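Work through the exercises below with the sequence and the 3D view open. Try each task before reading its solution.

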Amino acid sequence: MLLRGYLSYATILLISYVLFGCASERDRRKGEINHSPAKNADSAIKGMRNAAKADDRRRSDAATRRKEVKKAESKRRRSDVGCVSLGGICQTDRFICQGRYLRDKCSGPATRLCCVPDGAWSVLCAGHYNNRVRGCDLHGCGAFNSRGNHDLQRAVDLVCSDYGTVNAPFSGSLAGPVSQKDPAGFQHDGVKLVNDVHCVKIFNIRPFRYIGAVAQGDTLGYVLPLQERFSGITSHLKLRMCDGTDPSPFI
């Protein structure tokens, strides 16, 4: 009888424990069910906020990139204006230029240069129909790189009449007097004429002035006679580019 009583008591405890455990699990699940909609709503709101912030960052980054690209393009256009105003086009120097390349007129790398087409200068010597290069005589030849009595000529001689009027070959500004001595010690005087494209020194002339703006065709001065010192020489003026290049393509 005592053993049976113990078993009945143990059974009752076991059943009570199981029932208590089931009740606790039901209450826990009920609490989770009651709180899960709020948690889900909070998670959804948080996700939407994060997505909105990410969209804002993407839009801000895209706007910044657009501004940078626009600024770069604007800078490039501004930098190329100097070349465009001369009638040129900016391109890399690996392309052939049907004219002459100018530096520091284009934006971008150093290989991007301004290609300016050759434009013929007007006639310098009044009374002549063209700029005729002096041929060879007793005192040498007038072509660029021709060998004279002493050295290679880094200029071009244009045939002109003694005391003949000399006109500006292009519009620009007079930049002061110039002079040079030949190997024989003879002094050649003249004037420098420059613009955004060209820089040339004109020798064997007497300028009327040495500074100021001039238009193409304006009178610069007159040709100095050479016959008194060089008997038999063809009267001429001398053109020398400031950078030592050949002026022949322009005349």
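Three exercises on this predicted model follow.

**Exercise 1.** Is lysine 238 buried or exposed, and which side chain does lysine 238 join in a polar contact?

Solution.
- Locate the residue. Lysine 238 sits in strand β12, residues 236–241.
- Check accessibility. The relative value is 8%, and buried means under 20%, so lysine 238 counts as buried.
- Look for a polar partner. The side chain of aspartate 157 makes a polar contact of 2.8 Å with that of lysine 238.
- Widen the search, skipping residues up to four places away in sequence. Lysine 238 touches Asp157, Gln180 and Ile202, among others.

**Exercise 2.** Find the largest nonpolar core and state which strand supplies the largest share.

Solution.
- Count the members. This core has 23 residues.
- Pick out those with the most contacts inside the core. They include Trp121, Ile202, Leu237 and Leu239.
- Assign strands. β4, β7, β8, β11 and β12 each supply at least two residues.
- Name the top supplier. β12 gives three residues, the largest share.
- Follow one member. Beyond its neighbours within four places in sequence, isoleucine 202 contacts Leu237, Lys238 and Leu239, among others.

**Exercise 3.** Work out the strand order of the three-stranded open sheet, and find the bridge partner of tyrosine 101.

Solution.
- Write the order. The strands run β1-β3-β2, with antiparallel pairing.
- Mark the edges. β1 (89–92) and β2 (99–102) each pair on one side only.
- Add the angle. Neighbouring strands are turned by 40° on average, direction ignored.
- Examine one pair. β2 and β3 (residues 112–117) share four bridges.
- Read off the partner. Tyrosine 101 bridges to cysteine 115 in β3.

Technical notes
Residues numbered from 1 in each chain as written. Predicted model: local features only at pLDDT ≥ 70, side-chain atom pairs only at ≥ 80, totals over all residues. Heavy atoms only, no water. Buried < 20%, exposed > 50% of the residue type's maximum accessible area, 1.4 Å probe, protein only. Polar contact = N/O pair within 3.5 Å; in protein donor to acceptor, adjacent residues only side chain to side chain. Contact = heavy atoms within 4.5 Å. Core = buried A, V, L, I, M, F, W, Y, C linked by side-chain atoms within 4.5 Å. Pairing = 2+ DSSP bridges. Axes fitted to C-alpha atoms, helices over the stretch in contact; angles between N-to-C directions.
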